[in-house]
Amino acid sequence: MGAITTTTNTVSDWLTRIDASRNELIDAAKNGSRISAAFAMAEARVQLIESLTDENIKARLLRMTDPRINMVELANNPTDEDRIRVCAIAILSGFCPGDDQFAVFGGKGGGKLYTKEAGFRTLFAHLGIVPEVSVGHPEFVPLGKSGKKIWRVEGKASCSYGGKEYAVEFSGAMALGLPGYESDNVAGITAKGRRQLLKALWTKVSPILNDDQADEVEVIPQTMLIEEPPVVVEPEQSETEKHEPSLARIRKILVDNSDQLTFVETVWNEIAAAKTHEKLEEAGKELAAMKASVSQQVLSLVRPFYQARQAELKGGAA
């Protein structure tokens, strides 16, 4: 009985430390400083890794992620060490094993955390946010001229936080393209669409509390979905249309980094949607923040579009 009490106390103490680290992360995120939040995340991760030297903690996490009890979804054959570390990171993020908020992905580069729709809603809840999400009815459509088909999903998500309004939208040429089969459950496809919208919105609001490392191959460049139109007399192109090739190039560059691609596409859409200089300047702030997370190659494709929109709005005002 004494041994059980000792083990229970060890786990309880560990969870208390995790809760304290998470609260520090949330406070750092709420103060609006991404640098402070990044330092808080680094410190929390170091403490987390050091705590996993305790055999009692490791045994509990390993048991909790045992596929036989079906509390945590496992994918791509994660190792025991993957299961322990990723489950601990999930708990640090505020996720509860058994609530279908996350999954553990294996892989050559080590285990990764996959955040599900319920997980993203938990992250928003940490900041007191209840996001609004709407998704249209999925359509099973041809993938260009490849002879294949995918699920096409449109939708939008928005929230208010810190006195600001945040929104993302996937529609038209920017709609989501989700691999699948015609026999797939439409409700499941819709849920994937909601997850992608929440993920994109979370990236805009606060990408610090959780770095959603793992992802399914879900978002397909939508330029592949658009059939070549018949030859017609077209009106003069807008700057957004003129720079579509640059956006297509960005998608090719970031094809293996869906998080960065979502962030860049979100900023691009804000630049395209700006109707006033003030709105464009707000998008410009996001562009400035992008410098720390994307390559110069990507920036060199986004900046000309921003500058062209500046000139376009100036000409419209005249």
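User: In this predicted model, which residue in strand 7 is the bridge partner of valine 133?

Analyst: Strand 4, residues 132–135, pairs with strand 7, residues 155–161, in the antiparallel sense over 4 bridges. In strand 7, the bridge partner of valine 133 is alanine 157.

User: Which side chains of strand 7 point to one face and are buried?

Analyst: In a regular strand the side chains alternate between the two faces of the sheet. Strand 7 shows such alternation: Lys156, Ser158 and Ser160 point to one face and are not buried. The side chains that point to the other face and are buried belong to Gly155, Ala157, Cys159 and Tyr161.

User: How many bridges join strand 7 to strand 8?

Analyst: Strand 8 covers residues 164–170 and runs antiparallel to strand 7. One of the pairs links serine 160 with glutamate 165. The number of bridges joining the two strands is 7.

User: Which residue in the hairpin of strand 7 and strand 8 takes a positive phi?

Analyst: The hairpin has 2 residues between its strands. A positive phi near 60° is taken there by glycine 162.

User: Which helix gives the most to the largest nonpolar core?

Analyst: The largest nonpolar core has 47 residues, and Trp14, Leu61 and Phe102 are among those with the most contacts inside it. The helix that gives the most to this core, with 8 residues, is helix 4, residues 80–92.

User: How many residues does the second, separate core have?

Analyst: Nonpolar side chains tend to be buried together in soluble globular proteins. The second core is separate and includes Ile271, Leu287, Val298 and Val302. Its number of residues is 23.

Conventions. Residues are numbered from 1 along each chain as its sequence is written. This is a predicted model: local features need pLDDT of at least 70, side-chain atom pairs count only at pLDDT 80 or more; totals for chains, interfaces and linings use all residues. Side-chain values use heavy atoms; hydrogens and water are left out. A nonpolar core is a set of buried Ala, Val, Leu, Ile, Met, Phe, Trp, Tyr and Cys residues joined through side-chain atoms within 4.5 Å. Buried means under 20% relative accessible area, exposed over 50%, partly exposed in between (1.4 Å probe, protein chains only). Two strands pair if DSSP finds at least two bridges between them.
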